[in-house]
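Here's a quick tour for anyone who is new to reading protein models. Have a look at the sequence and the 3D view, then work through the points below.

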Amino acid sequence: MTVRLTTAQALVRFLAAQHTERDGERHRLIAATWGIFGHGNVAGIGQALVEDPGLMPFHQGRNEQAMVHAAVGYARAAGRLSAHAVTTSIGPGATNLVTGAALATVNHLPVLLLPGDTFAARPADPVLQQLQLPHAGDVSVNDCLRPVSRYFDRITRPEALIPAALEAARVLADPAATGAVTLALPQDVQAEAYDWPEEFFAERTWRIRRPRPDAGELTAAARALARAERPLVVAGGGVRHSAAEDALRAFAERAGLPVASTQAGKGALPYDHPCDVGGLGHTGTAPANALARAADLVVGVGTRFTDFTTASGTLFRPGTRFLNLNVTGFDAHKQAAALPLVADAREGLAALTDALDALGAPPRPITGWAAGKAAWERRVDAAYAAPDDTARPTQTQVLGALDALVDDRDVLINAAGSLPGDLHKLWRTRAPGQYHVEYGYSCMGYEIPAAVGVLLADPSRPVWALVGDGTYLMNPTEIVTAVQERLPLRLVVLQNHGYASIGGLSEAVGAERYGTDYRFRDASGGFTGPPLPVDLAANAASLGMRVLRPRTIRDLREALADARAATDPTCVYVETETADSVSGAPPAQAWWDVPVAETSTRPSAVKAREEYDRHVIVRRRHL
């Protein structure tokens, strides 16, 4: 039997019938579709969505990149068990997807992209917004999405949708391969009818695998861990994706191991668990980095070992061995001397715990790092302290006021600027899912749309988007979506009149904070004078938010409590210190490689290069 539908109608019906299952829990694979309509999708996907509106929930976006960020926020909050689709017009609507697609793929988070494409039949050549290349007639702007997609296909005939849609669903549900998936849809093909086999629309359940470790790899891993004198566990985002927090806790307690965390892994253990030693690397804590420098075996669980985690190859001592538990073989073999343990994080940790029991390996006492951890907690208290509650707050005092207010239900979202560093060092994560910092791609403008996505995944949790003024200016558009959807978005805008983080980096590398704050330009091309008269609070209000303007720390506490209790989108707008002031957090506990000009006439750059040369010589490869 067949059903006559357009290609777009068939795709929507197919997506509505796809589900995932893990540990007995079943979810829709594509829970909703985001869209901005134009030529290239309004008569195809747009018509298909309205043809049977009960099949697929729809969310109206305002910016294509932001729609992807919202979908990624949803996928992360849903534990990668459910995802959203995003449809756009051809041309600029499609190319605006690229940044969001890169973010999704870097972070291994599923999102389905459905950009419109130029005519497959080429009745007019070129059509509006078509890119023409004299040497390649089959290339469109959508090919920009190929390198940032885990799967890409262009559907140039209706029947080609059948294998492509099945492959797209497979990749979205594959824990080792997931990321952005792109099906480019020529606008004429979207509207073309075809007799589809009914089996194409049958309900399918994609079981999300939990691969177990190879016996040989497991034996080698357990023996290495039993022999190690100073092991350290590094918890990455894979712990969160696998819902392996309980398994990590049991493993760490059984073996007596300190657990440090990457940005993506923070919250794998609550901050007050005796095995948790805080963030690792350039934005990490002193006790975690001290343990890393002394470690003879580093057990990476679901981490990619980025340069921030390894302090650009300077954190771990020569001769350190690595044991990498990861669901992807590619990441399990990171650090050339690594022992790979390719497995799901939860299954691998449970198997490793059992293997240690089988070897009779005695647990280590969970005391060796307690003093360092306690000392760091005192530094956190000092950064959060506000002895004068009539003063204007610093950035860390804002975090301290929020820390005193929230409980384990709250979710904090951030991605860029100086906040990720402060949060990684200072934030006291209480529960899995609370710490939502996107630092794989560190994309300015992620926070507000991602908060919308997280609220769609679980509207019962208080969700806070923390942004600086620079990030706010990048992408405030989805405030309108939060208003339209009646979502209680809590937005905290920290106004310091410039790029505080990159301004500090600019000063450190001899670029003298050039072009990093918001001031008037003088005749010589410099930036001088008072900050620009920009009122971001008024902007947020114009987009539909209720805005609170605390002036003092006392006001701030009241405003945050008001926002947390609110049922409508609420912005807390805080004037903090200017961009050339420190945030109040402890300085970096490890190095980060940003090459400095090797030759310069400016003393600041010469001095910065001398400092750079002192650090770079200790970088090493672990072979």
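**Phenylalanine 305 and its partner**

Phenylalanine 305 is buried, with a relative accessible area of 8%. Keep in mind that this is a predicted model. We'll start with this residue, then move on to other rings, a helix pair and a few single residues.

- You'll find phenylalanine 305 in the loop between S15 and H12.
- Its backbone is a bit of a surprise: phenylalanine 305 has a positive phi of about 50 degrees, although it is not a glycine.
- Phenylalanine 305 also forms an aromatic pair with phenylalanine 322, and the pair is edge-to-face. The ring centres are 5.6 Å apart, with 85 degrees between the planes.
- Where does the partner sit? Phenylalanine 322 lies in strand S16 (residues 321-326), while phenylalanine 305 comes from the loop between strand S15 (297-301) and helix H12 (307-310), so the pair ties together parts that are 17 residues apart in sequence.
- Is phenylalanine 322 buried or exposed? Phenylalanine 322 counts as buried, because its relative accessibility is 0% and the cut-off for buried is under 20%.

**More aromatic rings**

- How many aromatic pairs does the structure hold? The count is 11 aromatic pairs.
- Phenylalanine 14 and phenylalanine 200 make one that is stacked, at 4.6 Å centre to centre and 15 degrees between the planes.
- Phenylalanine 14 belongs to helix H1 (residues 7-16) and phenylalanine 200 to the loop between strand S10 (193-197) and strand S11 (204-207), so this pair ties together parts that are 186 residues apart in sequence.
- Phenylalanine 14 and phenylalanine 200 are both buried.
- Look around them and you'll see a cluster: ring pairs link Phe14, Tyr194, Trp196, Phe200 and Phe201.

**Two helices side by side**

- Helix H10 (residues 245-255) packs with helix H14 (residues 345-359) at an angle of about 20 degrees, and their axes are 9 Å apart.
- Why is H10 called roughly parallel to H14? Because angles under 35 degrees count as roughly parallel, that label fits H10 and H14.
- The crossing of H10 past H14 is left-handed.
- On the H10 side, the contact is made by Ala247, Leu248, Phe251, Arg254 and Ala255. H14 brings in Arg346, Leu349, Leu352, Thr353, Leu356 and Asp357.
- Sort the residues of this H10 and H14 contact by type and you get 7 nonpolar, 1 polar and 3 charged.

**Threonine 576, tucked away**

- Threonine 576 lies in the loop between strand S25 (570-575) and helix H24 (603-616).
- With 3% relative accessibility, threonine 576 counts as buried.
- Which residues does threonine 576 touch, leaving aside its neighbours within four places in sequence? Its contacts are Arg392, Pro393, Thr394, Gln395, Val398, Leu494, Gln495 and Asn496.

**Partly exposed residues**

- Asparagine 63 has its place in the loop between strand S5 (58-60) and helix H3 (64-77). At 22% relative accessibility, asparagine 63 counts as partly exposed.
- Once neighbours within four places in sequence are set aside, asparagine 63 is in contact with Ile36, Asn475, Thr477 and Glu478.
- Asparagine 63 and threonine 283 are 220 residues apart along the chain, and their C-alpha atoms are separated by 31 Å.
- Alanine 286 lies in helix H11 (residues 286-294) and counts as partly exposed at 27% relative accessibility.
- Try finding alanine 588 too: alanine 286 and alanine 588 are 302 residues apart in sequence, and 9.0 Å apart in space, C-alpha to C-alpha.
- Setting aside neighbours within four places in sequence, alanine 286 is in contact with Trp376 and Gln589.

**Backbone oddities to look up**

- The peptide bond from aspartate 125 to proline 126 is cis, with omega near 10 degrees. Proline 126 is found in the loop between strand S7 (111-117) and strand S8 (151-154).
- Glutamate 512 has a phi near 60 degrees, which is a positive value in a residue other than glycine.
- Glutamate 512 lies in the loop between helix H21 (500-508) and strand S22 (519-521), and is partly exposed with a relative accessible area of 37%.

Note on methods
Residues are numbered from 1 along each chain as its sequence is written. This is a predicted model: local features need pLDDT of at least 70, side-chain atom pairs count only at pLDDT 80 or more; totals for chains, interfaces and linings use all residues. Side-chain values use heavy atoms; hydrogens and water are left out. Axes are lines fitted to C-alpha atoms, for helices over the stretch in contact, and angles run from 0 to 180 degrees between N-to-C directions. Helices (H or I, at least four residues) and strands (E, at least two) are DSSP runs, numbered from the N terminus. Angles under 35 degrees count as roughly parallel, over 145 as roughly antiparallel, 65 to 115 as roughly perpendicular and the rest as oblique. A crossing is left-handed if the near helix is turned anticlockwise from the far one by less than a right angle, and right-handed if clockwise. Contact means heavy atoms within 4.5 Å. Ala, Val, Leu, Ile, Met, Phe, Trp, Tyr, Cys and Pro count as nonpolar, Asp, Glu, Lys and Arg as charged, and the others, Gly among them, as polar. Buried means under 20% relative accessible area, exposed over 50%, partly exposed in between (1.4 Å probe, protein chains only). Rings of Phe, Tyr and Trp (its six-membered ring) pair if their centres lie within 6.5 Å; planes under 30 degrees apart count as stacked, over 60 as edge-to-face and the rest as tilted.
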